[in-house]
Amino acid sequence: MPPAPQHFLPHTRVPSLLLPNSAAANRFVAREIDKLVRARNAAGKPTVLGLATGSTPVGLYRELIRLHEDEKLDFSKVITFNLDEYLPLPKEDPHSYFRWMHETFFNHVNIKWENIHIPDGTLKPDEIEDFCIEYERKIRAAGGIDIQILGIGRTGHIGFNEPGSPKNSRTRMITLDSITRRDAAAGFFGEENVPNQAITMGVASIMDARRVFLMAFGEHKAHCVTKAIELPPSEAVSASFLQEHPDAIFLLDPAAAAETTAIKRPWEVGPVEWTPERVRQAVVWLSLTVRKGLQKLNDDDFREHHLYELLREKGPAEKIGEEVFLDRLATIQPYPAGRLLCRKPFWSSRRTRTTT
Ligand code: GLP
């Protein structure tokens with residue numbers, strides 16, 4: 001099978017690989033894990049994986065299970081650390097990440113139970129701090145995380161590092177953002193059932209991993225992904241700190257990449273071929289941005305919005321605006337149900353009344 005088309009998006013502050021779909025991203029990350037685990041197994045050494053929950057990594061876990069079953073990928077020397085857990089929540093609760101991880105992944109591979117680490121959602125308030133210090137110590141004692149898997153929340157969080165999480169934060173208790181709780185509501189059968197707090201590995205704990213793969217799929221991730229990869233790193237979007245990581249990659253499907261400059265306004269990041277579709281995309285975008293009708297656009301509007309090349313190739317502005325206007329006009333169907341060519345007299349369609 002030929003390799004699926006993929007390329008790094010230009011103009012991002014962190015390498016961002018655009019893949020044709022989530023399955024291709026899952027295969028990409030699974031391959032990297034597979035290579036590392038086999039190399040470490042051969043050397044008799046452990047592999048330390050940082051794992052995430054949520055809908056995003058499900059396909060990756062399925063692929064890893066497939067590699068275990070069909071290609072004998074051996075997890076017996078793999079050590080895992082999960083990013084987070086709701087608090088308070090018993091392990092056996094149907095919504096706990098503990099249970100989710102076992103049902104989705106651990107129960108299907110030959111990982112040793114003693115090698116699995118997940119923050120404990122059953123801790124009493126006065127036990128939390130010691131637990132978090134010990135969690136960090138265990139990560140260090142295992143040799144540090146080799147590969148960290150991440151999703152991204154709509155607040156731009158990684159793990160549960162909600163907006164305001166500092167770059168030097170470590171494993172700790174955190175209060176969940178209302179957007180995050182709303183997003184989790186369906187799984188918990190109502191927002192009121194979503195715990196208010198969680199234990200999460202910190203931004204610094206994640207940044208310590210040797211390699212990081214952040215996966216994001218679907219249009220609901222497009223805004224937070226764009227902020228994370230295009231705006232300067234800030235506490236407002238904890239995923240943006242990955243820009244400072246020496247080996248972090250974002251893996252995006254087309255929907256999650258849709259708001260990036262490279263996709264939305266490609267003419268801003270390099271030369272483009274002015275195909276009719278691209279001209280339409282640019283001119284409609286310009287008209288919406290400057291809030292002018294297509295036929296009112298002038299040369300300055302094009303010049304001031306990185307569209308000088310389009311102006312030079314196809315201008316002047318009035319001509320381009322008019323062409324796009326006529327093109328759009330041609331798509332309007334005045335009689336969506338089709339024109340009635342021969343109208344029958346109204347009485348011919350009357351039904352005969354029958355009395356019963
Ligand atoms: C939760 C998890 C994150 C995850 C995020 C996105 O907040 N703590 O680790 O990345 O949800 O979830 P999903 O992949 O379902 O969109």
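This report describes the ligand site, an aromatic pair and some backbone features of a predicted model.

## About the model

Local features are given where pLDDT is at least 70 and side-chain atom pairs where it is 80 or more, whereas totals for chains, interfaces and linings use all residues. Residues are numbered from 1 along each chain as its sequence is written, and side-chain values use heavy atoms, with hydrogens and water left out.

## The ligand and its surroundings

The ligand sits in the largest pocket. A pocket, on a 1 Å grid over the protein atoms alone, is an open set of points where a 1.4 Å probe fits, with protein on both sides within 12 Å along at least five of seven lines, and a molecule sits in it if more than half of its atoms lie within 2 Å of its grid points. Among the residues that surround the ligand, each with a heavy atom within 4 Å of it, are Thr53, Ser55, Asp84, Tyr97, Ile152 and Lys221. By class, the shell has three nonpolar, seven polar and two charged residues; here Ala, Val, Leu, Ile, Met, Phe, Trp, Tyr, Cys and Pro count as nonpolar, Asp, Glu, Lys and Arg as charged, and the others, Gly among them, as polar.

Polar contacts (pairs of N or O atoms within 3.5 Å) link the ligand to the protein through both side-chain and backbone atoms. A ligand nitrogen is 2.7 Å from an N or O atom in the side chain of Asp84, while a ligand oxygen is 2.8 Å from a polar backbone atom of Ser55, and a backbone N or O atom of Ile152 lies 3.3 Å from an oxygen of the ligand. On its own the ligand has 390 Å² of accessible area, of which the protein covers 87%, as computed by the Shrake-Rupley method with a 1.4 Å probe.

## An aromatic pair

With rings of Phe, Tyr and Trp (its six-membered ring) paired if their centres lie within 6.5 Å, the count comes to 13 aromatic pairs. In one of them, the rings of Phe131 and Tyr135 have centres 5.7 Å apart and planes at 25 degrees, so this pair is stacked, the word for planes under 30 degrees apart.

## Backbone features

Most peptide bonds are trans, and most residues other than glycine have a negative phi. The bond joining Leu87 and Pro88 is cis, with omega about -10 degrees, and the bond from Gly315 to Pro316 is also cis, with omega near 5 degrees. His11, although not a glycine, has a positive phi of about 65 degrees.

Notes: Polar contact = N/O pair within 3.5 Å; in protein donor to acceptor, adjacent residues only side chain to side chain. 1 Å grid on protein atoms, 1.4 Å probe; cavity = no way out; pocket = protein on both sides within 12 Å on 5 of 7 lines; lining within 4 Å. Phe/Tyr/Trp six-rings, centres within 6.5 Å; stacked < 30°, edge-to-face > 60°.
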